[in-house]
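Subject: Structure for your files

Dear colleague,

Here is the structure I said I would pass on. My notes on it follow below.

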Amino acid sequence: MDNALKIIDSWVNDRRLAKNTERQYRLELERFIAWLSYANRSISDCSKEQLESYLQVMRYEPVDTRSNFHVRRRKALTPRSVEQTRRILHAFYDWAVHSERLKKNPARGIEAQRFQPQATS
């Protein structure tokens, strides 16, 4: 997990993000790493199917709020939040592969969520 946190730090530092954006990216990536750890996986051996499973699980209410799996998550994420998480993970893995820190991007090929425009009143 320490190596994953170092890779995340490098990615965030390379991007020169606003503080709030940096905090959000770190939160999403740390939550993902906690889930991988809970599943005895790491960022380097995550498959596309596992990443899809993670995104699917984030759509549902946590069952056990005491487990590491639900780090800093008290409720289901909205579809837009799940899509934002997918984008963050895709960008992170693209960077990690391009910078030769990881060999593959499991987010490649996971389709973006499409949203219906909200009706205006």
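What pattern does the chain follow when read along the sequence? The pattern is α-α-α-α, with four helices and zero strands in the chain. Please keep in mind that this is a predicted model.

Some totals to begin with. The chain has 121 residues, of which 39% count as buried. Its accessible surface comes to about 8,100 Å², and carbon and sulfur atoms account for 45% of that. Among contacts between residues at least 6 apart in sequence, 57% join residues at least 24 apart.

The core

The largest nonpolar core has 28 residues, and those with the most contacts inside it are Trp11, Phe32, Ile43, Leu51 and Phe92. At least two residues of this core come from each of H1, H2, H3 (48-57) and H4. H4 gives the most, with seven residues. Phe92 is in contact with Ile7, Ile8, Trp11, Leu29, Ile43 and Leu102, leaving aside its neighbours within four places in sequence.

Helix H4

H4 covers residues 79-98. At 1.5 Å a residue, its 20 residues should span 28 Å, and the end C-alpha atoms are 28 Å apart, so the expected span and the model agree. The buried residues of H4 are Val82, Glu83, Thr85, Arg86, Ile88, Leu89, Phe92, Tyr93, Trp95 and Ala96. Charged residues are on that list, including Glu83 and Arg86. Arg86 has 11% relative accessibility and therefore counts as buried, the cut-off being under 20%. Apart from neighbours within four places in sequence, Arg86 is in contact with Leu55, Ile110, Glu111 and Ala112.

Helix H3

In H3, the buried residues are Gln50, Leu51, Tyr54 and Leu55. They cover an arc of only 140° around the axis, so they are on the same side of H3. An α-helix has 3.6 residues a turn, so residues three or four places apart point the same way. The buried residues of H3 pack against H2 and H4.

Leu36 and its surroundings

Leu36 is in helix H2, residues 19-38. With a relative accessibility of 1%, Leu36 counts as buried. Beyond its neighbours within four places in sequence, Leu36 is in contact with Arg41, Ser42, Ile43 and Cys46. Of these, Cys46 is 10 residues from Leu36 in sequence and 7.7 Å from it in space, C-alpha to C-alpha.

Salt bridges

The count comes to seven salt bridges. Three of the pairs are described here.

Arg108 and Asp94 meet through their side chains in a salt bridge at 2.8 Å, N to O. This pair links distant parts of the chain, with Arg108 in the segment after H4 and Asp94 in helix H4, 14 residues apart. Arg108 is exposed, with a relative accessible area of 52%, while Asp94 is partly exposed, at 27%. Elsewhere, salt bridges that share partners join Asp9, Glu22 and Arg26 into one network.

Within that network, the side chains of Arg26 and Glu22 meet at 3.3 Å, N to O. Both residues lie in helix H2, four residues apart, or about one turn of the helix. Are these two residues buried or exposed? Arg26 and Glu22 are both buried.

The third pair is Asp45 and Arg41, whose side chains form a salt bridge at 3.8 Å, N to O. Asp45 counts as partly exposed at 32% relative accessibility, and Arg41 is partly exposed with a relative accessible area of 37%. Arg41 is also one of the residues in contact with Leu36.

Backbone points to check

Which residues have a positive phi although they are not glycines? Arg16 is one of them, with a phi of about 50°. Arg16 is found in the loop between H1 (2-15) and H2 and counts as exposed at 77% relative accessibility. Glu100 is another, with a phi of about 60°. Glu100 lies in the segment after H4 and counts as exposed at 73% relative accessibility.

Regards

Methods: Residues are numbered from 1 along each chain as its sequence is written. This is a predicted model: local features need pLDDT of at least 70, side-chain atom pairs count only at pLDDT 80 or more; totals for chains, interfaces and linings use all residues. Side-chain values use heavy atoms; hydrogens and water are left out. Buried means under 20% relative accessible area, exposed over 50%, partly exposed in between (1.4 Å probe, protein chains only). Contact means heavy atoms within 4.5 Å. Accessible areas come from the Shrake-Rupley method with a 1.4 Å probe; for residues, only the protein chains shown count as cover. The expected span of a helix is 1.5 Å times one less than its number of residues. A nonpolar core is a set of buried Ala, Val, Leu, Ile, Met, Phe, Trp, Tyr and Cys residues joined through side-chain atoms within 4.5 Å. The arc is that of the directions from the helix axis to the C-beta atoms. A salt bridge is a side-chain nitrogen of Lys or Arg within 4 Å of a carboxyl oxygen of Asp or Glu.
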